[in-house]
Amino acid sequence: MSKELLKKLPKMDQLLSDEKVILEIKKGNRVMMTDALRKSLDYFRNEILSGNMTEEVLKEDIIGKAFSIFEDDMEMNLKPVINATGTILHTNLGRSRLSKAACEAVYNISSSYSNLEYDIEKGERGERYDAVTDIILKLTGAESALVVNNNAAAVLLILSALAKDKDVIVSRGEQVEIGGKFRVPDIMEQSGSRLVEVGTTNKTHLSDYEDKINENSVLLKVHTSNFKLIGFTEEVELKELSKLSKKHGIPLVYDLGSGAMIDFEAYGIYGEPCVRKSVEDDPDVICFSGDKLLGGPQAGIIIGRKKYIDIMKKHPLTRAFRIDKMTLAALEATLKEYIDEKNAIKNIPILSRILANKNELHERAKRLYEIIALKSPELNLSIEEDKGQIGGGSMPGLTIDTAVISINHAILSPNEIERRLRHFEKPIICRISRESVILDLLTIDDEDFDYIADCIMKMNQDVK
Ligand SMILES: *Cc1c(COP(=O)(O)O)cnc(C)c1O
């Protein structure tokens, strides 16, 4: 039986002579189209062999399936999603979203030639970093600056350039794993420096550092934004370490991690020191990410004393970690927003989210609630107060008040709702909490309200 059906399956050249297929091939999509036809044929062959298909397969069916495979394959793999998780800087969802000005800068610079490494005044070769150096110095008060691909690269570059064959003294309380196998001891090994651990996990004193210092040491302080030590703890302040390093004439490096360019404390959010304040404590080198609290593109920003930055600029890793022009354009545009803090808060999406007004969140939750309830009256919905997060992998300690919509369904389990919402054309990514699916207004845009409500309605219709 199945042998007969297999024999009756249309052959490839029959499929290739179909009018619709010919048209697509003429557009230049021969490779993708033939691949899709082959996949479609394989699909039906397997269906016949496994006994799921007991009738003759028509040419139209194979071509129909091939076109749906073709369209899937032609679609972008990297695509926008709706972040309904309430985690503002979600590493898996692309961390920070760029301001409009930053997006426009990326478009302008990448669709044209540019003065990336060209000094227009002098008509000769220029430095790629010059585009952002002045603004970084102005905003941070630092002496010199350099930018690389990300902060992990920045840390590796700093240690490779300044601490090779030297002792790097780090507190045991700051031996962080930053994520994805990026651990302080591993970076040390890569950079050719020797890790000297001081203190204990919960307490490190100034004398612990001083006991280990020699003329070849480098002091490293890491801002542990990705975990919190609570209770009987003590760490040495940056300011104290700065004095100590000067007394012994050795460099102090500060891995600040998240890099807040505004003073969040002024807005009641504690635990993330702003870059400018850290510069005032006067370490020799500071590095931080471009796409965490700064709200720009993925980048590693290194600031500090000119003599150290100059050494780094000559290091071969600087070339290997070189920042791309699209990133540079986005970074410059993002930094320029900070010339006026009010502008930054208004225009940089992650800042306006972090500093979102609680009442406004509730108002927005009510609006989304009403749209969903209107389209899906049978759902069990409620508006609740909850805690949203600033960072996922990066700053789990920092939570902010938010308003969420909690969804339950008579038949669909929370896991099933979560899965279905994830499979729409623009996927909706949400979290499950207390046995309900949660849509968090902290990370959802008003423009997506109708789309979300429509998806939820479609999800319900499928069940009935
Ligand atoms: C996040 C973080 C890094 C890594 O930065 P990326 O930009 O993600 O490479 C390094 N150090 C600290 C302290 C961090 O918080």
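Here is a quick tour of this protein, from its overall build down to two helix pairs and one glycine. Keep in mind that you're looking at a predicted model. The protein has 20 helices and 16 strands, and its C-alpha atoms fill a box of roughly 90 × 55 × 45 Å along the principal axes.

**The big picture**

- Of the 464 residues in the protein, 47% are buried.
- If you take the contacts with a sequence separation of 6 or more, 74% of them link residues that sit 24 or more positions apart.
- The domain assignment splits the protein into domain 1 (2-74), domain 2 (82-90 + 355-463) and domain 3 (100-347).
- Note that domain 2 is written as two stretches, 82-90 and 355-463.
- Measure from C-alpha centre to C-alpha centre, and domain 2 and domain 3 turn out to lie 35 Å apart.

**Helices α8 and α9**

- Start with α8 (residues 151-162) and α9 (residues 184-191), whose axes come within 9 Å and cross at roughly 45°.
- That angle is why the two helices, α8 and α9, are described as oblique to each other.
- As for handedness, α8 goes past α9 in a right-handed crossing.
- On the α8 side, the residues that meet α9 are V155, L156, L159 and S160; their partners in α9 are I187, M188, Q190 and S191.
- Sorted by class, this contact of α8 with α9 has five nonpolar residues, three polar ones and no charged ones.

**G192, in the loop after α9**

- Follow the chain on from α9 and you'll find G192 in the loop between α9 and β7 (194-198).
- G192 has 31% relative accessibility, so it counts as partly exposed.
- Leaving aside residues up to four places away in sequence, G192 touches A163, K164, D165 and K166.
- Take K164 from that group: G192 and K164 are 28 residues apart in sequence, yet their C-alpha atoms are 4.9 Å apart in space.

**Helices α18 and α20**

- The other pair to look at is α18 (residues 358-375) and α20 (residues 449-463), with axes that come within 9 Å and cross at roughly 35°.
- Here, too, the crossing of α18 past α20 is right-handed.
- From α18, the residues R364, R367, L368, I371, I372 and K375 meet F449, D450, A453, D454, I456 and M457 from α20.
- By class, the contact of α18 with α20 divides into seven nonpolar, no polar and five charged residues.

Key: Residues are numbered from 1 along each chain as its sequence is written. This is a predicted model: local features need pLDDT of at least 70, side-chain atom pairs count only at pLDDT 80 or more; totals for chains, interfaces and linings use all residues. Side-chain values use heavy atoms; hydrogens and water are left out. Axes are lines fitted to C-alpha atoms, for helices over the stretch in contact, and angles run from 0 to 180 degrees between N-to-C directions. Helices (H or I, at least four residues) and strands (E, at least two) are DSSP runs, numbered from the N terminus. Angles under 35 degrees count as roughly parallel, over 145 as roughly antiparallel, 65 to 115 as roughly perpendicular and the rest as oblique. A crossing is left-handed if the near helix is turned anticlockwise from the far one by less than a right angle, and right-handed if clockwise. Contact means heavy atoms within 4.5 Å. Ala, Val, Leu, Ile, Met, Phe, Trp, Tyr, Cys and Pro count as nonpolar, Asp, Glu, Lys and Arg as charged, and the others, Gly among them, as polar. Domain bounds come from an automatic or database domain assignment. Buried means under 20% relative accessible area, exposed over 50%, partly exposed in between (1.4 Å probe, protein chains only).
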